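Please find below my notes on this model, set out as numbered points for a colleague who has the coordinates open.

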Amino acid sequence: MLDENKDTLPEEALIVREYLDASMKPDPDLAATYVADDVTITFTGGRVFNHPSGPTGFNAKRYNWVKKKMDRFDVARGADGVVVYSVGTLYGEWPDGTAFEGNRYVDRFEVNDGKITKMDVWNDSAERILTRMGIEA
């Protein structure tokens with residue numbers, strides 16, 4: 001978890017943090033309260049979802065469990081709304097029970113009128129899976 005006090009985060013970053021906290025429980029229905037009805041979530045590998053239950057279901061196949069260590073939030077205000085980046089690492093357990101940590105991630109969010117309208121997800125899980133398989137590509 002991010003050590004930063006929630007009270008110091010800009011409103012849009014707080015919305016993102018609360019969304020991520022709900023997603024990690026995992027509680028996709030609670031997470032959905034932070035997103036717009038027409039949200040687009042583009043997950044690793046270009047998988048597109050329109051509800052937080054999509055990534056939750058995908059993660060259930062990829063990991064026994066996974067959490068985020070949120071190191072920071074970067075906020076940029078633009079003409080079309082606010083962009084929030086969450087940067088940190090993933091930790092958890094692969095399906096075979098092997099623990100992992102330090103798996104870098106970057107999540108990019110667009111927040112408009114108090115709701116997340118777009119989310120893009122990148123992480124190093126695929127690289128780590130290849131390495132575990134002995135593939136140096």
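## Notes on the predicted model

1. Asp113 is exposed, because its relative accessible area is 83%, which is over the 50% cut-off. The coordinates come from a predicted model, and the remarks that follow should be read with that in mind.

2. The backbone at Asp113 deserves a look, since phi is near 50 degrees there, a positive value in a residue other than glycine. Asp113 lies in the loop between strand 5 (99-112) and strand 6 (115-123). As background, most residues other than glycine have a negative phi, and most peptide bonds are trans.

3. A second backbone feature is the peptide bond from Lys25 to Pro26, which is cis, with omega near -10 degrees. Pro26 is placed in the loop between helix 1 (11-24) and helix 2 (28-32). Pro26 is also one of the contacts of Thr56, a residue that touches Pro26 and Pro28 when residues up to four places away in sequence are not counted. Thr56 itself belongs to helix 3 and counts as partly exposed, with a relative accessibility of 22%. For scale, the C-alpha atoms of Thr56 and Lys115 are separated by 19 Å, with their positions 59 residues apart along the chain.

4. Turning to charged pairs, a search of the whole structure finds nine salt bridges, and this note takes up some of them. In general, side chains of opposite charge can pair when their charged atoms come close. Within helix 1, the side chains of Arg17 and Asp21 meet in a salt bridge, at 3.7 Å from N to O. These two residues are four apart in helix 1, about one turn of the helix. How accessible are Arg17 and Asp21? Arg17 counts as buried at 5% relative accessibility, and Asp21 likewise counts as buried, at 12%, because each value is under the 20% cut-off.

5. The salt bridge between the side chains of Arg104 and Asp124 has an N to O distance of 2.6 Å. This pair links distant parts of the chain, with Arg104 in strand 5 and Asp124 in the loop between strand 6 and helix 4 (125-132), 20 residues apart. Arg104 counts as exposed at 56% relative accessibility, whereas Asp124 counts as buried at 19%; the latter assignment rests on a cut-off of 20%.

6. Lys118 and Asp120 also meet through their side chains in a salt bridge, with 3.4 Å from N to O. Here Lys118 is partly exposed, with a relative accessible area of 27%, while Asp120 counts as buried at 11% relative accessibility.

7. The largest pocket holds about 410 Å³ of space. Its lining is made up of 23 residues, of which Ser23, Met24, Pro55, Asn59 and Val66 lie nearest the centre of the pocket. Which elements give two or more residues to the lining of the largest pocket? They are helix 1, helix 3 (53-62), strand 3 (65-78), strand 5 and strand 6. By class, the lining has 15 nonpolar, five polar and three charged residues.

8. Met24, one of the residues nearest the centre of the largest pocket, is found in helix 1 and counts as buried at 12% relative accessibility. The C-alpha atoms of Met24 and Val66 are separated by 7.4 Å, although the two residues are 42 residues apart along the chain.

9. In helix 3, the buried residues are Gly54, Pro55, Phe58 and Arg62. These residues lie on the same side of helix 3, because they cover an arc of only 90 degrees around the axis. What covers the buried residues of helix 3 includes strand 1 (35-42), strand 2 (48-49), strand 6 and helix 4. Pro55 appears in two of these points, since it is among the buried residues of helix 3 and also among those nearest the centre of the largest pocket.

10. Finally, Glu136 is found in the segment after helix 4 and is exposed, with a relative accessible area of 70%. The C-alpha atoms of Glu136 and Arg17, 119 residues apart along the chain, are separated by 34 Å. The two residues contrast in accessibility, for Glu136 is exposed, whereas Arg17 counts as buried.

Note on methods. Residues numbered from 1 in each chain as written. Predicted model: local features only at pLDDT ≥ 70, side-chain atom pairs only at ≥ 80, totals over all residues. Heavy atoms only, no water. Buried < 20%, exposed > 50% of the residue type's maximum accessible area, 1.4 Å probe, protein only. Salt bridge = Lys/Arg side-chain N within 4 Å of Asp/Glu carboxyl O. 1 Å grid on protein atoms, 1.4 Å probe; cavity = no way out; pocket = protein on both sides within 12 Å on 5 of 7 lines; lining within 4 Å. Points joined across faces, edges and corners; volume = space filled by probe spheres on them. Nonpolar A, V, L, I, M, F, W, Y, C, P; charged D, E, K, R; others polar. Arc of directions from axis to C-beta. Contact = heavy atoms within 4.5 Å.
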